[in-house]
Amino acid sequence: MKLNFFIAGFLLVWSSLGLAADPELRMLSEHPVDGMRGGNLSGLAKCGEQLWTVSDRDDDRIYRLDTQDKVWKAEAVLINVPPVPEDPGRTLAMKTQSFFRSLAGNGALDFEGITCDSARNLYVLSETYSAILKVSTNGALAWLTVSPKMLAKARETGLLAHANALFEGLVITGIASTEIWLAAERQKRGLVRIERRITPIYYTWYCASGCVVMTEGGLAPQPPQFPGSKPVERDFSDIALFNNKLFLLDRNAFKVCRHEMLTGKQERCWSFAADALVPSRRYASEHGMTEALLVDAQGAWIGVDNNFATRADGESRPIVWRFSAPEGGWSQ
C-alpha cells in the first residue's frame with residue numbers, strides 16, 4: 001500500500017508539472033436533462049439517430065432523449081421487468097445494500113449502463129445483479145442467459161469484490177452483435193467479454209477461457225484542476241465502441257482512454273478536466289461524477305450523474321456534455 005501511495009504521489013507531481021499531460025478535449029456544448037424522475041443519469045446509447053439513457057434510481061423505466069433544444073427532455077418508456085436471475089456469488093454486504101436501496105426508492109436493480117445492437121434492441125445493465133436485460137424493439141423484455149462461469153472467473157481475478165463496485169457499463173460488438181464487453185468499476189477495475197452462441201433451445205452468452213481481458217488496481221492521481229487533488233482508486237464508469245476500439249471513461253482521472261480489443265491494453269488517453277472542472281461546473285464531491293460515454297467520429301458525449309447534488313452555478317439536473325474529437329481523430 002505504501003508503494004501504491006508513493007507511485008501515485010509521484011504521478012501527481014509529474015502530471016502537475018505538465019510532463020505527462022494528456023491532450024485536452026474541447027467542450028462544444030452542455031445539456032441539462034429535464035424529466036428524469038430519479039435523476040442520476042447513468043448511461044447513454046445511440047440507436048440510429050435516437051439517444052437513450054437510464055437512471056440508477058429508476059427500475060421501471062428507461063428514457064428516450066429529445067435533443068432538439070439546449071435543454072434535453074427525457075421521455076420515460078415504462079418497462080415491466082421480469083424477475084431477475086440471482087447471482088450466487090453476491091456477498092451479504094451486496095445483498096444488504098440492495099435491500100436498503102429497495103426500501104429507499106425505486107433503484108434496487110441499479111441500472112448503470114445501456115447499449116444498442118445492430119437490430120436496435122437495447123440492453124440494460126443491472127449493477128446489483130451483474131445481469132443484462134434485453135429490451136427488444138417489439139417491447140419484449142428478457143434477462144440474458146449468461147454462463148455463471150463469467151462471474152466466477154471475474155471474481156477469481158479480483159473483480160466484483162465489493163458492493164457498489166461491480167459492472168458499471170457495457171457495449172455490444174460484432175457484425176451480428178455476438179459479443180458484449182463489460183467494464184468492472186473499481187477495486188479492481190477491468191474488462192470482461194462474453195460471446196453469444198446458438199444452442200438448440202436458445203441463445204446463451206458464454207465466458208471463454210480468456211473472457212477476463214484485463215484487470216488493474218491501485219491508485220492514480222486526480223487531475224490538478226480538481227480541488228484538493230489526491231491519489232484515488234482507479235475506476236471505470238462506462239465503455240464505448242468506435243472504429244474497432246474500446247473507449248473507457250476513467251471517471252476519477254477525468255479522461256477518455258482508448259483500449260485495444262484483444263488484450264484491453266490502454267493505448268492513448270485524452271483529458272476533459274480543463275473544461276469540466278471550471279469553477280462554475282464543480283460539485284462538492286471528492287470524486288468524479290461522470291457515468292456515461294458515447295464516442296463517434298465528431299467527438300464524445302459524456303454524461304454526469306450528479307447524484308442529486310447541485311453544482312457551483314446552481315444547476316441540479318443531470319448533464320450531458322459534448323466534446324469535439326481530438327485533432328487528428330481518435331485513431332492518432
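Phe-247 has a relative accessibility of 1%, so this residue counts as buried (buried means under 20% relative accessible area, exposed over 50%, and partly exposed in between, with a 1.4 Å probe and protein chains only). Trp-330 is buried too, with 2% relative accessibility. This is a predicted model in which local features need pLDDT of at least 70, side-chain atom pairs count only at pLDDT 80 or more, and totals for chains, interfaces and linings use all residues. Residues are numbered from 1 along each chain as its sequence is written, and side-chain values use heavy atoms, with hydrogens and water left out.

**Aromatic rings**

A pair of aromatic rings is described by the distance of the centres and the angle of the planes. Here, rings of Phe, Tyr and Trp (its six-membered ring) pair if their centres lie within 6.5 Å; planes under 30 degrees apart count as stacked, over 60 as edge-to-face and the rest as tilted. By this rule there are seven aromatic pairs. In one of them, Phe-247 and Trp-330 meet edge-to-face, with 5.5 Å between the centres and 75 degrees between the planes. The two residues are 83 residues apart and link distant parts of the chain: Phe-247 belongs to strand 18 (residues 245–250), and Trp-330 to the segment after strand 23 (319–324). Helices (H or I, at least four residues) and strands (E, at least two) are DSSP runs, numbered from the N terminus.

Trp-321 and Phe-323 make another edge-to-face pair, at 6.2 Å centre to centre and 85 degrees between the planes. Both of these residues are buried. They also belong to a cluster, linked by ring pairs, with Phe-226, Phe-254 and Phe-272.

Charges come into play as well. Arg-189 lies over the face of Phe-236, 4.1 Å from the ring centre, and Arg-322 lies over the face of Trp-301 at 4.4 Å. A charge sits over a ring if NZ of Lys or CZ of Arg is within 6 Å of the ring centre and within 35 degrees of the ring normal.

**Salt bridges**

Arg-322 also leads us to the salt bridges, where a side-chain nitrogen of Lys or Arg is within 4 Å of a carboxyl oxygen of Asp or Glu. The count comes to 26 salt bridges, and the table shows some of them.

| Salt bridge | Closest N and O atoms |
|---|---|
| Arg-37 with Asp-58 | 3.1 Å |
| Glu-267 with Arg-258 | 2.8 Å |
| Asp-296 with Arg-322 | 3.1 Å |

Asp-296 lies in strand 21 (residues 290–296) and Arg-322 in strand 23, so their salt bridge ties together parts that are 26 residues apart in sequence. Both Asp-296 and Arg-322 are buried. By contrast, Arg-37 is partly exposed with a relative accessible area of 45%, while Asp-58 is buried at 1%. Glu-267 is partly exposed at 32% relative accessibility, and Arg-258 is buried with a relative accessible area of 8%. Elsewhere, Glu-168, Glu-185, Arg-186, Asp-235, Arg-251 and Glu-291 are linked in a network of salt bridges.

**A four-stranded sheet**

Now for the strands. An open sheet of four strands follows the order 6-7-8-9, with antiparallel pairing. Strand 6 (111–116) and strand 9 (141–143) stand at the edges with a single partner strand each, so one side of each has no neighbour in the sheet. On average, neighbouring strands of this sheet are turned by 25 degrees against each other, direction ignored (axes are lines fitted to C-alpha atoms, for helices over the stretch in contact, and angles run from 0 to 180 degrees between N-to-C directions). Two strands pair if DSSP finds at least two bridges between them.

Strand 6 and strand 7 run antiparallel and are joined by five bridges, and Phe-111 has Ser-126 as its bridge partner in strand 7. These two strands form a hairpin with five residues between them, and Arg-120 in the turn has a positive phi of about 70 degrees.

Five bridges also join strand 7 (residues 122–126) to strand 8 (residues 131–135), again antiparallel. Leu-122 has Val-135 as its bridge partner in strand 8, and Leu-125 stands opposite Ile-132. This hairpin has four residues between the strands, with Ser-130 taking a positive phi near 50 degrees.

In a regular strand the side chains alternate between the two faces of the sheet. In strand 7 both faces are covered: Leu-122, Val-124 and Ser-126 on one side, and Tyr-123 and Leu-125 on the other, are all buried.
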